[in-house]
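Biologist: I am new to this structure, and I would like to understand the words people use for it. Could you walk me through them?

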Amino acid sequence: MKRNVLEYNTMRKKVSDQSLFEKEVEEKIGRNDVCWCGSGKKYKKCHCDMDVRLDDYRNKGVLVPARRIIKNAVQIEGIRESAKINIEILDYIDAHIKTGITTQEIDDWVCAITKKHHAIAATLNYEGYPKSVCTSINNVVCHGIPSKETVLQEGDIINVDASTIYQGYFSDSSRMYCIGTVSAEKKRLVDIARTSLEVGLEYVQPWRKIGDMGAAIHEFAIENGYSVVREIGGHGVGLAFHEDPWVSYVCPKDTGMLLVPGMIFTIEPMINMGKEEIYISDEDGWTVYTEDGLPSAQWEIQVLVTEDGYEILSY
Ligand code: MF3
Ligand code: CO
């Protein structure tokens, strides 16, 4: 059964509709006052120059980030710690996933590792999502729900998407796993989806627009004979699960939000072997399938924009 994807994706979009063309009510600060970012430094020695530059872009009609999504050093360190747990989860899955296990067992592993670190799985109870991880097999694009009934078969490709909250800081990343020997066709899809992240990363640079990254990924996927899901994208992340900006991988160059140091977001394009169209299960309200039934692959990394490029936090 099918349902409108746009309606479903409002959970991602709603964090992004707070357009930043309008200058927010952001307090004016004197050069010798303490910076708004929480660093404790004087404004003139911290974000003052950046703000002047941002004002300039804003006046030219460029979408610029609000202060609330620019992280300071303490917050970045907290997010790094959260990301370490997320990486440990995905590494554990890498070492233990195999033919014959159920996706519920993967959920159990995620719960156990999360608990060991006194962390919380960000998906559990998120907008009613019932599990601690998403497990999306073959023609499932994303948001597959772990189940005792779903047994991994030789030849499956599966995306496991983990997201962790640790001391209030959020991390989010996902990987593809090949179960036993998979067909050359599926293997290529998985590899291209992964390589597309590297292609996109080259464009993650401060003072460049995020659409350059998205456009590069789109172009690369198309060149390789695949399509990219439009309706579901990436997102800012760190102090909340889904923050601005909304991150598309089907967009023109030189569009979208301007990147500046301290921004953190996910790159998580969903690459389809066949057509781009998707639909959502009416039965569970979550599972996203390809319309044509062909496989889909997705890798997700969480990146920080630095002074001279990027740092991958969770992968
Ligand atoms: N990690 C996914 C994301 O990128 C998970 C969505 S979680 C769900 O945001 F709970 F909405 F399924
Ligand atoms: Co995500």
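Modeller: Gladly, and please keep in mind that this is a predicted model. Let us start with a pair of side chains: those of Ser173 and Asn86 make a polar contact at 2.9 Å.

Biologist: What makes the 2.9 Å between the side chains of Ser173 and Asn86 a polar contact?

Modeller: The cut-off for a pair of N or O atoms is 3.5 Å. The value for Ser173 and Asn86 is 2.9 Å, so the pair counts as a polar contact.

Biologist: Where does Ser173 lie, and which residues does Ser173 touch?

Modeller: Ser173 is part of strand S5, residues 169-178. Beyond residues up to four places away in sequence, Ser173 touches Asn86, Leu90, Val160, Asp161, Ala162, Glu300, Ile301, Ser314 and Tyr315.

Biologist: Why is Ser173 called buried?

Modeller: Buried means under 20% relative accessible area. Ser173 has 0%, so Ser173 is buried.

Biologist: How do you know whether Asn138 is buried or exposed?

Modeller: By the same kind of reasoning: the limit for buried is under 20%, and Asn138 has a relative accessible area of 16%, so Asn138 is buried. Asn138 lies in the loop between strand S2 (134-137) and strand S3 (140-142).

Biologist: What joins the side chains of Asn138 and Asp156?

Modeller: A polar contact of 2.9 Å. The limit is 3.5 Å, therefore the value of 2.9 Å qualifies. Leaving aside neighbours within four places in sequence, Asn138 is in contact with Gly155, Asp156, Ile157, Lys186, Pro295 and Ser296.

Biologist: What is phi of Asn138 near?

Modeller: Phi of Asn138 is near 50 degrees, a positive value in a residue other than glycine. Trp207 is not a glycine either, and has a positive phi of about 75 degrees. Trp207 sits in the loop between H6 and helix H7 (210-223).

Biologist: Which peptide bond is cis?

Modeller: The one that joins Asp244 and Pro245, where omega is about -5 degrees. Pro245 is found in strand S8, residues 243-247.

Biologist: Now the sheets. Why are S6 and S13 said to stand at the edges?

Modeller: The open sheet has 3 strands in the order S6-S10-S13, with antiparallel pairing. Strand S6 (227-228) and strand S13 (296-298) each have a single partner strand, so one side of each is left without a neighbour in the sheet.

Biologist: How do you know that S6 and S10 pair?

Modeller: Two strands pair if there are at least two bridges between them. S6 and strand S10 (residues 270-272) are joined by 2 bridges, so they pair, and they run antiparallel. Val228 stands opposite Ile271 in S10.

Biologist: Which helix packs on that sheet?

Modeller: Helix H6, residues 184-201, touches S10 and S13, and its direction makes about 35 degrees with that of S13. Ile192 has its place in helix H6. With a relative accessible area of 11%, against a limit of under 20%, Ile192 is buried. Apart from neighbours within four places in sequence, Ile192 is in contact with Phe220, Asn224 and Tyr226.

Biologist: What makes S3 and S11 edge strands?

Modeller: Another open sheet has 3 strands in the order S3-S12-S11, and the pairing is antiparallel. S3 and strand S11 (278-280) each pair on one side only, and that makes them the edge strands. The twist averages 40 degrees from one strand to the next.

Biologist: How do you know that S11 and S12 pair?

Modeller: The requirement is at least two bridges. S11 and strand S12 (residues 288-290) have 3, so they pair, again antiparallel. The bridge partner of Ile280 in S12 is Val288.

Biologist: How many cavities of 30 Å³ or more are there in the whole structure?

Modeller: A search finds 3. The second largest cavity has a volume of about 60 Å³. There are 11 residues lining the second largest cavity, and the closest to its centre are Glu26, Asp51, Leu54, Arg58 and Arg67.

Terms used: Residues are numbered from 1 along each chain as its sequence is written. Chains are lettered from A and ligands numbered from 1 in the order in which they are written. This is a predicted model: local features need pLDDT of at least 70, side-chain atom pairs count only at pLDDT 80 or more; totals for chains, interfaces and linings use all residues. Side-chain values use heavy atoms; hydrogens and water are left out. Helices (H or I, at least four residues) and strands (E, at least two) are DSSP runs, numbered from the N terminus. Contact means heavy atoms within 4.5 Å. Axes are lines fitted to C-alpha atoms, for helices over the stretch in contact, and angles run from 0 to 180 degrees between N-to-C directions. Buried means under 20% relative accessible area, exposed over 50%, partly exposed in between (1.4 Å probe, protein chains only). A polar contact is a pair of N or O atoms within 3.5 Å; within protein, one must be able to donate a hydrogen and the other to accept it, and residues adjacent in sequence count only if both atoms are side-chain atoms. On a 1 Å grid over the protein atoms alone, a cavity is a set of points where a 1.4 Å probe fits but cannot get out, and a pocket is an open set with protein on both sides within 12 Å along at least five of seven lines; lining residues have an atom within 4 Å of a point. Grid points are joined across faces, edges and corners, and a volume is the space filled by probe spheres set on the points.
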